[in-house]
Amino acid sequence: RSSKTCCNQFGRQCWIMLNIKNLEATIDNKHILRGLNLDIMPGEVHAIMGPNGSGKSTLANVLSGKNGYEIKGDISYNGKSLNELSTEERAQKGIFLAFQYPLEIPGVNTNIFLKTSLNAIRKAKGEKELDTLTFLKLIKEKALELGIDEKFLSRQLNVGFSGGEKKKNEILQMKLLQPKLSILDETDSGLDIDALRIVADGVNSYKNKDNAFLIITHYQRLLDYIKPDFIHVLSKGKIVKTGNAELGIELEKTGYSNLA
């Protein structure tokens with residue numbers, strides 16, 4: 001756990017899991033994030049909302065360690081800088097990104113992908129790797145919780161999956177890998193109401209006092225099912241407004257046009 005504590009304007013005083021300080025990000029000579037600051041504590045759910053082009057997906061990519069970005073500022077996770085760590089190293093430390101558009105990987109079996117990912121993280125933690133039978137029992141339990149048909153687990157990763165099936169598969173990965181910080185990048189995009197509820201139930205069932213969520217979304221509808229502790233409005237690469245869950249309802253009515 002981080003050695004750093006805080007008591008900020010919201011009266012929170014606890015361990016800081018994620019500390020983003022003066023974060024700037026540039027890609028292809030385009031300056032996207034412009035001095036972003038954010039603290040996330042264990043047990044909290046934070047939502048990022050904002051207009052198209054405000055930097056929401058860039059923030060998710062930068063936090064997950066995606067290559068190609070020129071970064072300034074600092075990202076600390078449990079008191080240690082992430083700036084020089086690869087995507088794999090961040091995952092091993094408990095950071096998970098659910099993609100807006102999950103990749104299809106032909107030739108890679110879903111079960112094998114999930115087993116390899118889980119055992120890589122267990123190995124990095126010094127834990128014993130799971131054998132095939134133990135893994136299959138575990139993955140079937142997790143799939144059942146999310147209403148995922150077992151036949152999808154034997155198919156190629158995301159190949160031929162509907163948008164909702166891909167998103168449910170991302171949540172399955174999250175529940176299997178048990179990250180401490182889960183970043184959901186527009187997980188609600190393209191979901192019908194039934195799939196949305198399944199995804200939300202998967203997130204809600206995993207929430208606890210020791211993990212945290214950063215949910216990036218355009219719309220209030222996901223936040224009707226996953227109630228955030230804080231909503232932050234991102235505009236032109238900065239957080240320009242922060243509030244509680246009621247802020248999302250307000251934004252549905254007023255939009256973003258009056259924001260800086």
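Here is a short conversation about a predicted model, from its sheet to its largest pocket.

Visitor: Let's start with the sheet. What makes β8 and β14 edge strands?

Guide: Six strands form an open sheet, in the order β8-β11-β12-β5-β13-β14, with mixed pairing. β8 and β14 (238–243) each have a single partner strand, so one side of each has no neighbour in the sheet. From one strand to the next, the twist averages 20 degrees.

Visitor: How do you know that β5 and β13 count as paired?

Guide: Two strands pair if there are at least two bridges between them. Strand β5 (residues 45–49) and strand β13 (residues 230–235) have four bridges, in the parallel sense, so by that cut-off they are a pair. Within this part of the sheet, His 46 stands opposite Phe 230 in β13.

Visitor: And what joins β11 to its partners, β8 and β12?

Guide: Four bridges join β8 to β11, and the two run parallel. Phe 96 has Ser 182 in β11 as its bridge partner. β11 and β12 also run parallel, joined by five bridges, and there Asp 185 has Ile 216 in β12 as its bridge partner.

Visitor: Why is β11 called largely enclosed?

Guide: Five of its five residues are buried, so β11 is largely enclosed by the rest of the structure. Both faces are covered: Leu 181, Ile 183 and Asp 185 are buried on one side, while Ser 182 and Leu 184 are buried on the other.

Visitor: Which helix lies across β8, β11 and β12?

Guide: That is α5, which runs at about 170 degrees to β8. Angles here run from 0 to 180 degrees between N-to-C directions, so a value of about 170 degrees means that α5 and β8 point in nearly opposite directions.

Visitor: Gly 164 is in α5. Why is Gly 164 called buried?

Guide: Buried means under 20% relative accessible area. Gly 164 has 13% relative accessibility, so it counts as buried. Leaving aside residues up to four places away in sequence, Gly 164 touches Leu 191 and Ala 195. From Gly 164 to Ser 64, the C-alpha to C-alpha distance is 22 Å, with their positions 100 residues apart in sequence.

Visitor: What makes the phi of Asp 28 worth a look?

Guide: Phi of Asp 28 is near 50 degrees, a positive value in a residue other than glycine. Asp 28 sits in the loop between β3 (18–27) and β4 (30–40). Its relative accessibility is 72%, and the cut-off for exposed is over 50%, so Asp 28 counts as exposed.

Visitor: Asn 78 also has a phi near 50 degrees. Why is Asn 78 called partly exposed?

Guide: Asn 78 has 28% relative accessibility. That is not under 20%, as buried requires, and not over 50%, as exposed requires, so Asn 78 counts as partly exposed. The place of Asn 78 is in the loop between β6 (70–77) and β7 (80–81).

Visitor: Finally, what volume does the largest pocket have, and which residues are closest to its centre?

Guide: The volume is about 890 Å³. Of the 33 lining residues, Thr 87, Ala 91, Leu 97, Phe 99 and Phe 113 are the closest to the centre. Among the elements that each supply at least two residues of the lining are α3 (110–124) and α5 (163–177).

Visitor: How many residues of each class does the lining have?

Guide: The lining has 15 nonpolar, ten polar and eight charged residues.

Conventions:
Residues are numbered from 1 along each chain as its sequence is written. This is a predicted model: local features need pLDDT of at least 70, side-chain atom pairs count only at pLDDT 80 or more; totals for chains, interfaces and linings use all residues. Side-chain values use heavy atoms; hydrogens and water are left out. On a 1 Å grid over the protein atoms alone, a cavity is a set of points where a 1.4 Å probe fits but cannot get out, and a pocket is an open set with protein on both sides within 12 Å along at least five of seven lines; lining residues have an atom within 4 Å of a point. Grid points are joined across faces, edges and corners, and a volume is the space filled by probe spheres set on the points. Ala, Val, Leu, Ile, Met, Phe, Trp, Tyr, Cys and Pro count as nonpolar, Asp, Glu, Lys and Arg as charged, and the others, Gly among them, as polar. Contact means heavy atoms within 4.5 Å. Buried means under 20% relative accessible area, exposed over 50%, partly exposed in between (1.4 Å probe, protein chains only).
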